[in-house]
Amino acid sequence: MSEELTNNLFNYATSELSQDAFLCWLLSYAQNKDYNGDDAKLKKCAQSLIKVFLLGQKGIFEKDLIEKDLIVKKIEKQWKYIDVLVTLESDKKIIIEDKTYTTDHDNQLQRYIRDVETQGKKVYGVYYKTGFCCETIEDDMYKGYYFFNLERIKDFFEKYDDIDNAIFNNYRDFIMEYHKERNNFIGLPVSKWTPTMIQGFYDNLVKKIKLKGELTDGHCGYGYVPNKSGGFYGLWLIPKGESKFKTNKEQTMKYIPYIQMQFEAKKDLNGKQQSTMKNGKQQSTMKICLKIEVKEGDDYINLRNEITKGERIFEVNPDNETIKFEKPQRWGSGRTMTLYELDLNNEGEYTEVKQVFEKVFKSFDEIYEKIGKRTSEKSDLKIS
């Protein structure tokens, strides 16, 4: 969020557990109890949220809902690792998988539904997501869960501006400000972007640029990558095929060349300084990297040396314009390696950064082919 000091609880309680607690607190007002004043307004809001969750499911329509569908009987946190499990008076159950900056893993969403179904109850899933939205969404559903993203969260809570409750208004104001800040990357130089703004930029980028090509299916993955130097916010464009390379040890290695956009924020989500110093000032920085991931084989250094041939510069030529990638200060030697990188103009704004990435993407086939030819025995690209 912004650097301005505020007294909003949720500017500091930024974890998924904090959001879990808020959702449990709000939904508890949907009990079969009579409330007065603002508590009655909270009950109406909580029941409206349950209704939205249910109507977002496939095959449920408003005419199907009964009064008991909007009354909460039980709320459980972390039942078999489920973030929030809500049981309604009708015995329907709603799983709320709450994500901020992470994504689902290890088939957890499908597993949660199976675990609840073994109890013999009808269960519905809601994927409540405020942060990076890099999942592939089809028909408003994600792996069987209604996808309740930041836009929908904002649209729901902004209607409730007449509730006088500090906890509720803190969360509502946090969501409104968070949504606003995500779009503030437009008009600001990269050096001033925040982690929240890069989320908005990546979301905007993948919607505005046609990412389907001969080697790509148009899907971009993006998210946060922690590391010892402070971590970065990455976007990955990965081809469908693999290249092959036969090493001097007569070992065939399989690897994938891919593009990574890498944003390092001057401050992390908790306000901690983490980026490098530029001209004596802390700045956010961005670059585009050409990388490879070795899928099979272990002679990484030999593969890297064959691809780069000791060259410091790697050139591509989209639209008769030369773009030069340079060798990083230090080459890695692991299963995932950066071969070359392009430092972007950190004083440049959204349009410039978008245009550079678009030109690099136009050269994706050229990049893939050059790297493939350098490791091919017959000097032509091999894609399995």
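Rings of Phe, Tyr and Trp (its six-membered ring) are called a pair if their centres lie within 6.5 Å; planes under 30 degrees apart count as stacked, over 60 as edge-to-face and the rest as tilted. With that in hand, here are some notes for a newcomer.

1. **A ring cluster to begin with.** Ring pairs link Phe22, Trp25, Tyr29, Tyr35, Phe156, Phe157, Tyr160, Phe168 and Tyr171 into a cluster. By the rule above, the count comes to 28 aromatic pairs. One of them is stacked: Phe174 and Tyr178 have ring centres 5.8 Å apart and planes at 5 degrees.

2. **What you are looking at.** This is a predicted model, in which local features need pLDDT of at least 70 and side-chain atom pairs count only at pLDDT 80 or more, while totals for chains, interfaces and linings use all residues. Residues are numbered from 1 along each chain as its sequence is written, and side-chain values use heavy atoms, with hydrogens and water left out.

3. **The overall picture.** The protein has nine helices and 16 strands; these are DSSP runs numbered from the N terminus, with helices (H or I) of at least four residues and strands (E) of at least two. Of its 384 residues, 51% count as buried, meaning under 20% relative accessible area, whereas exposed is over 50% and partly exposed is in between (1.4 Å probe, protein chains only). The exposed surface comes to about 19,000 Å², and carbon and sulfur atoms supply 44% of it; areas come from the Shrake-Rupley method with a 1.4 Å probe, and for residues only the protein chains shown count as cover. Among contacts (heavy atoms within 4.5 Å) with a separation of 6 or more, 61% are between residues 24 or more positions apart.

4. **Helix α5.** Back to the stacked pair: Phe174 and Tyr178 are four residues apart in helix α5, so about one helical turn separates them. Phe174 is buried, with a relative accessible area of 8%, and Tyr178 is buried too, at 1%. Arg182 also belongs to this helix, which covers residues 166-182. Is Arg182 buried or exposed? At 9% relative accessibility, Arg182 counts as buried. Beyond residues up to four places away in sequence, Arg182 touches Thr130, Gly131, Leu150, Thr196, Met197, Gln199, Gly200, Phe201 and Asp203.

5. **Two nonpolar cores.** A nonpolar core is a set of buried Ala, Val, Leu, Ile, Met, Phe, Trp, Tyr and Cys residues joined through side-chain atoms within 4.5 Å. The largest has 48 residues, and those with the most contacts inside it are Trp193, Phe201, Tyr202, Met261, Met286 and Phe325. Apart from that core lies another, of 43 residues, among them Leu23, Leu26, Leu42 and Phe148. Leaving out residues up to four places away in sequence, the contacts of Phe325 include Ile288, Leu290, Phe314, Tyr340 and Val360. Phe314 has a charged visitor as well: Lys370 lies over its ring face, at 5.3 Å from the centre. For this, NZ of Lys or CZ of Arg must be within 6 Å of the ring centre and within 35 degrees of the ring normal.

6. **An open sheet.** Six strands form an open sheet in the order β1-β2-β3-β4-β6-β5, with mixed pairing. Because β1 (72-79) and β5 stand at the edges with a single partner strand each, one side of each is left without a neighbour in the sheet. Strands pair if DSSP finds at least two bridges between them. β2 and β3 are antiparallel over four bridges, and Val86 stands opposite Ile94 in β3.

7. **The other end of the sheet.** Strands β4 (residues 123-129) and β6 (residues 145-148) run parallel, joined by four bridges. β5 (residues 141-142) pairs with β6 in the antiparallel sense over two bridges. Which residues stand opposite Tyr145? Gly125 does, and so does Tyr142. In the hairpin of β5 and β6, two residues lie between the strands, and Lys143 takes a positive phi near 55 degrees.

8. **A loop and a helix end.** Glu89 sits in the loop between β2 (82-88) and β3 (93-99) and is partly exposed, at 30% relative accessibility. Glu89 and Val72 are 17 residues apart in sequence, with 5.9 Å from C-alpha to C-alpha. In helix α7 (residues 300-308), the buried residues are Tyr300, Asn302, Leu303, Arg304, Ile307 and Thr308. Lys309 follows α7 and has a positive phi, near 55 degrees.
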